[in-house]
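Got your viewer open? Let's take a short walk through this one, stop by stop, with something to select each time.

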Amino acid sequence: MSTDLDSASSMPLHPAARESYLAALERGYADPRRLHGSARDARLLLDNAREATAQALGVRPDEVSFTATGTEAVHRGLLGLAHRGLRDGLPIAHTAVEHSAVLHAARWAGTPLSVPVDTHGRVILSDLPSTAGVVAVQSANHEVGTIQPVEAASEQTGAPLFTDACASMGRLPLPDGWSAAAGSAHKWGGPAGVGILLVRKGSRWRNPFPDDDRVDVRTAGFENVPAILAAAASLQAVVAERDEVNVRHRELIDVIRARVAAEVTDVEVVGDPVDRLPHLVTFSCLYLDGEALVHELDRRGFGVASGSSCTSSTLTPSHVLEAMGVLTHGNVRLSLQRDASRQQVDAFCDALPDVIAGLRSRVGL
């Protein structure tokens, strides 16, 4: 049976999401803007999802919007904060290790300013600009797990701060200091096709795209009410169980970090070893390429990610690892599923040295 070690890209549906989604299919199909009974049912479910999401994240219900994807939430959050600065000729500044959704939006809007990071992938606070249209600092890195100092970054710069919280939302409490933030439901076990856009009350955010006459003026398009309710239910469930899950995941990742470093030659385990996402680890193997590692590990029954996690179909060198100045060859990212076990972790670590030795021998090493 295959072991999926790539939960950072997407999680299986949480049982709470499945149950809520099926229950909402009968009541959440109508247009929540209308006034008849079925529409009022859909509006009630949508409002309940907003309340539940706000409660789980520790924000106000009127700060929560639902988008069609996490990427859309990133684009709306970032560009909505940037409008005033862009008008005045100020750049969008972002850490060099942001997700491609942030990088593409920043380039689309103008000429962005990239802020360097240290060898753990953490932004160098002293290099943050004093003037910018908006500063983007992710809550935690999606490839190496390093947690970013969002609140300190906000205090360092006078610009509004956008945080891409897709990698950590549900798994960790939201940091302080942001004006807008984004999350993606399928990364915590909700259904794909639901993004979370948070806009702090009082922030100078303006819709960067054409308006739409929907329930929420910050978004566009017909709301997928059953999926939104399922996303909210699974978020509540994940938050309720995260203390127990995070302790178990952190212990398992510590095992992987220690065994890989001890049992594999010419390997570099990257990211902050302590201040990190509890479920994720990345390492790079000299003299190998990630594609070969992914295929061979998959053949052995282990699903892992390689290359840049947001552009892995191209298997180009990770811009995150390049910005950190660490080894980019033979990169592997593991991210544990909710029910990951010590047996699965040990099986992976047992197989890894032989896989790497076999691949290296094929190229004469």
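Before selecting anything, one term: a residue counts as buried when its relative accessible area is under 20%, and as exposed when that area is over 50%. Also keep in mind that this is a predicted model.

**Stop 1: a long-range pair**

Select Asp 6 and Arg 333. Their side chains meet in a salt bridge, with 3.1 Å from N to O. The two residues are 327 apart along the chain: Arg 333 belongs to strand 12 (residues 331–335), while Asp 6 is in the loop between strand 1 (3–4) and helix 1 (15–25). Buried or exposed, what is Asp 6? With a relative accessible area of 19%, Asp 6 is buried, because the cut-off is under 20%. Arg 333 is buried too, at 3%.

**Stop 2: a network**

Now select Arg 214 and Asp 31. Here is another salt bridge, again given as 3.1 Å from N to O. Arg 214 is in the loop between strand 8 and helix 6 (225–263), and Asp 31 is in the loop between helix 1 and helix 2, so this pair links parts of the chain 183 residues apart. Arg 214 has a relative accessible area of 12% and is buried; Asp 31 is buried as well, at 12%. Add Arg 33, Arg 34 and Glu 223 to your selection, and you have a network of salt bridges that also takes in Asp 31 and Arg 214.

**Stop 3: a pair within one helix**

Move to helix 7 (residues 290–299) and pick Glu 296 and Arg 299, which are three residues apart, or about one helical turn. They form a salt bridge whose closest N and O atoms are 2.6 Å apart. Glu 296 is buried, at 8%, whereas Arg 299 is exposed, at 60%. How many salt bridges does the structure have? The count comes to 26.

**Stop 4: the sheet**

Switch to a cartoon view and find the open sheet of seven strands, with mixed pairing and the order 2-8-7-6-5-3-4. At its edges are strand 2 (64–67) and strand 4 (113–115), each of which pairs on one side only. On average, neighbouring strands here are turned by 20° against each other, direction ignored.

Zoom in on strand 7 (residues 180–184) and strand 8 (residues 195–199): they run antiparallel and are joined by five bridges. Select Ala 180, and you can look for its bridge partner in strand 8, Val 199.

**Stop 5: helices around the sheet strands**

Select helix 2 (residues 37–57). This helix lies across strand 2 and strand 8, and runs at about 115° to strand 2.

Next, select helix 4 (residues 100–109). Which of its residues are buried? They are Ser 100, Ala 101, Val 102, Leu 103, Ala 105 and Ala 106. To see what covers them, show elements including helix 3 (70–87), strand 3 (92–95), strand 5 (134–136), strand 6 (161–164) and helix 8 (319–324).

**Stop 6: the cysteines**

How many disulfides does the structure hold? Zero. For a look at the reason, select Cys 285 and Cys 349. The closest cysteine sulfur to that of Cys 285 is in Cys 349, 12 Å away, which is too far for a bond. Cys 285 is buried, at 0% relative accessibility, and Cys 349 is buried with a relative accessible area of 3%.

Terms used. Residues are numbered from 1 along each chain as its sequence is written. This is a predicted model: local features need pLDDT of at least 70, side-chain atom pairs count only at pLDDT 80 or more; totals for chains, interfaces and linings use all residues. Side-chain values use heavy atoms; hydrogens and water are left out. Two strands pair if DSSP finds at least two bridges between them. Helices (H or I, at least four residues) and strands (E, at least two) are DSSP runs, numbered from the N terminus. Axes are lines fitted to C-alpha atoms, for helices over the stretch in contact, and angles run from 0 to 180 degrees between N-to-C directions. Contact means heavy atoms within 4.5 Å. A disulfide is a pair of cysteine sulfur atoms within 2.5 Å. Buried means under 20% relative accessible area, exposed over 50%, partly exposed in between (1.4 Å probe, protein chains only). A salt bridge is a side-chain nitrogen of Lys or Arg within 4 Å of a carboxyl oxygen of Asp or Glu.
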